[in-house]
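Here's a quick tour for anyone meeting this structure for the first time. Have a look at it below, then read on.

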Amino acid sequence: MPAWAHGGGIAKLLERLADRAARRRIVEECLIDGERWGTVSQGGVGFDQIFIASCKRRELEGLSLAQIARQSGVAPAESLMNLLLEQKCTVGMVSFSQSLENVSKVLAHPSLMIGSDSIPLFEGDSDRPGKPHPRTYGTFPRVLGEYARERGLFPLETAVHKMTEMPAARLRLANRGLLREGFAADVAVFNPATVKDESTYPDPHQYPTGIPYVIVNGAVVVDGDRFTSARTGRILRPTH
């Protein structure tokens, strides 16, 4: 939605989504050539490239807005706003707007650190709802397996550095990011020859292979193919 439509929070956004004049304005500002939806962050994205990741109507998860529009017989832009209004803006989405070639170029830059803004939809061994972005499960294994081992964008040591010491230093997280005496024992044990992300868009709830152990603050939290009962993670705050 346009920035102005969010003014006043969710309650006001829902009021605007229920108002015909406001909806017309939203469509006029965002609809591009009748086929794409324009956003400030992503430019124009085709309705066949916007997928439902999470929704209380579970039958819609994994479908594109174009598919939902065909099923309902309503234009994609109207389907989008109808769904947001019906679900009170609690719908999660995944869209395709990146160039993998550009991703590779940026990853290889020496100043680039690696993290993820994925949104897990569950915890532990509970039910796995929705169709979250595969990066939820596969961000770091993909860097190790695809970009370091298979594509050779950078050495394995550089890949590890970009995901550990470099961000810990930049974010001023004390005693993190290195295997060093006196530092927190945060350790991911992986096989460099086999580590690989297995999560896909159609079937995202797949753990990576080649990572037999994960240790958080000195406690084993992943042991082979199972989670342990350890809950030793904590919120980290930057030092000054």
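## The cores

In this predicted model, the largest nonpolar core has 24 residues. The members that touch the most others in it are Leu-17, Ile-26, Trp-37, Phe-47 and Leu-80. Several elements chip in with at least two residues each: helix 1 (10-17), helix 2 (20-30), strand 4 (50-54), helix 3 (65-72) and helix 4 (76-86). Helix 4 gives the largest share, with 5 residues.

Let's zoom in on Leu-80. Leaving aside residues up to four places away in sequence, Leu-80 touches Met-1, Trp-37, Phe-47 and Leu-65. There's also another core, lying apart from the largest one and made of 10 residues. Ile-114, Val-143, Ala-159 and Met-163 are among them.

## The three-stranded sheet

Now for the sheets. One of them is open and built from 3 strands in the order 1-2-3, with antiparallel pairing. Its edges are strand 1 (31-32) and strand 3 (43-46), each of which pairs on one side only.

Strand 2 covers residues 36-39 and runs antiparallel to strand 3, with 4 bridges between the two. If you'd like a spot to look for, find Thr-39: it stands opposite Gly-43 in strand 3.

## The four-stranded sheet

Another open sheet has 4 strands, arranged 6-7-8-9 and again paired in the antiparallel sense. Here the edge strands are strand 6 (187-189) and strand 9 (226-227), and each has pairing on one side only.

Strand 8 (residues 219-223) is joined to strand 9 by 2 bridges, and these strands run antiparallel. Along this pair, Asp-223 stands opposite Arg-226 in strand 9.

## The whole chain

Time to step back. The chain counts 8 helices and 9 strands, and its C-alpha trace spans about 65 × 40 × 40 Å along the principal axes. Of its 240 residues, 32% count as buried. Looking at contacts with a separation of 6 or more, 53% are between residues 24 or more positions apart.

And the outside? The accessible surface of the chain is about 14,600 Å², and carbon and sulfur atoms account for 54% of that. As for charge, the chain carries 29 positive and 27 negative side chains. The centres of those two sets sit 5 Å apart.

How values were computed: Residues numbered from 1 in each chain as written. Predicted model: local features only at pLDDT ≥ 70, side-chain atom pairs only at ≥ 80, totals over all residues. Heavy atoms only, no water. Pairing = 2+ DSSP bridges. Buried < 20%, exposed > 50% of the residue type's maximum accessible area, 1.4 Å probe, protein only. Contact = heavy atoms within 4.5 Å. Areas by Shrake-Rupley, 256 points an atom, 1.4 Å probe, with all protein chains shown as cover. Lys, Arg positive; Asp, Glu negative; His and termini not counted. Charge placed at Lys NZ, Arg CZ, Asp CG, Glu CD. Core = buried A, V, L, I, M, F, W, Y, C linked by side-chain atoms within 4.5 Å.
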